[in-house]
Amino acid sequence: MLSNFKKIKSKAFKWCADPFVINFNGKHYLFVEMASRFSYKGDIYYIVLDEKKPKWKIGLKQKKHLSFPFVFTQNDTLYMIPESNDSNCVSLYKFDLKLERFMFEKNILSNVSTLKFSTIEVESASTNAIS
């Protein structure tokens, strides 16, 4: 297992936190909060681990701080619910394969203060955050 270990450097003057790895469309993605060492403002970046020389790409960038990129798939679509406590809502983003970044889908909860939001799938549940 460790023979496949890859050291991945963050971008200059940035640090990474909250890693999420997911297999989507036959590729292994690593999503992270990447924050400035100076402002501590975070954005969501990702790399495709299967690439020979993986390069960081911006998954979601906003004026407000983003972190904890909770990513999941449903119906062959990649979604993300990042922590965005500054916005007082919980938002759902859908990955656009052509643009190679997340696009706003909808707000799931409004007028709330949350940290590290995640969901679970319950087999008997008839509703979820996406429908």
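Let's start at a single side chain: K57 is partly exposed, because its relative accessible area of 24% lies between the 20% limit for buried and the 50% limit for exposed. Keep in mind as you look around that this is a predicted model.

K57 has a partner. Its side chain meets that of E100 in a salt bridge, at 3.6 Å from N to O. K57 lies in strand β4 and E100 in the loop between β7 and β8, so the salt bridge ties together parts that are 43 residues apart in sequence. E100 is also partly exposed, with a relative accessible area of 38%.

In total, the count comes to three salt bridges. Beyond the K57 pair, let's turn to D43. The side chains of K61 and D43 meet in a salt bridge at 3.7 Å, N to O. This pair links distant parts of the chain, with K61 in the loop between β4 (57–60) and β5, D43 in strand β3 (residues 42–48), and the two positions 18 residues apart. D43 also forms a salt bridge with K41, where the closest N and O atoms are 2.4 Å apart. Through these shared partners, K41, D43 and K61 are joined into one network.

How do the members of this network stand towards solvent, buried or exposed or partly exposed? D43 counts as buried, because its relative accessibility is 4% and the limit is under 20%. K41 is partly exposed at 22%, and K61 is partly exposed at 48%.

Now for the sheet. Four strands, in the order β5-β6-β7-β8, form an open sheet with antiparallel pairing. The edges are held by β5 (67–74) and β8 (101–110); each has a single partner strand, so one side of each is left without a neighbour in the sheet. From one strand to the next, the twist averages 25°. Within the sheet, β6 (residues 77–83) and β7 (residues 89–96) pair in the antiparallel sense over two bridges, and Y79 stands opposite K94 in β7.

We can finish in edge strand β5, which is the place of S67. S67 counts as buried, because its relative accessibility is 2%. What does S67 touch, leaving aside residues up to four places away in sequence? Its contacts are D18, E33, I44, P82 and E83. Take E33 from that list: S67 and E33 are 34 residues apart in sequence, yet their C-alpha atoms are 4.8 Å apart in space.

Notes:
Residues are numbered from 1 along each chain as its sequence is written. This is a predicted model: local features need pLDDT of at least 70, side-chain atom pairs count only at pLDDT 80 or more; totals for chains, interfaces and linings use all residues. Side-chain values use heavy atoms; hydrogens and water are left out. Two strands pair if DSSP finds at least two bridges between them. Axes are lines fitted to C-alpha atoms, for helices over the stretch in contact, and angles run from 0 to 180 degrees between N-to-C directions. Buried means under 20% relative accessible area, exposed over 50%, partly exposed in between (1.4 Å probe, protein chains only). Contact means heavy atoms within 4.5 Å. A salt bridge is a side-chain nitrogen of Lys or Arg within 4 Å of a carboxyl oxygen of Asp or Glu.
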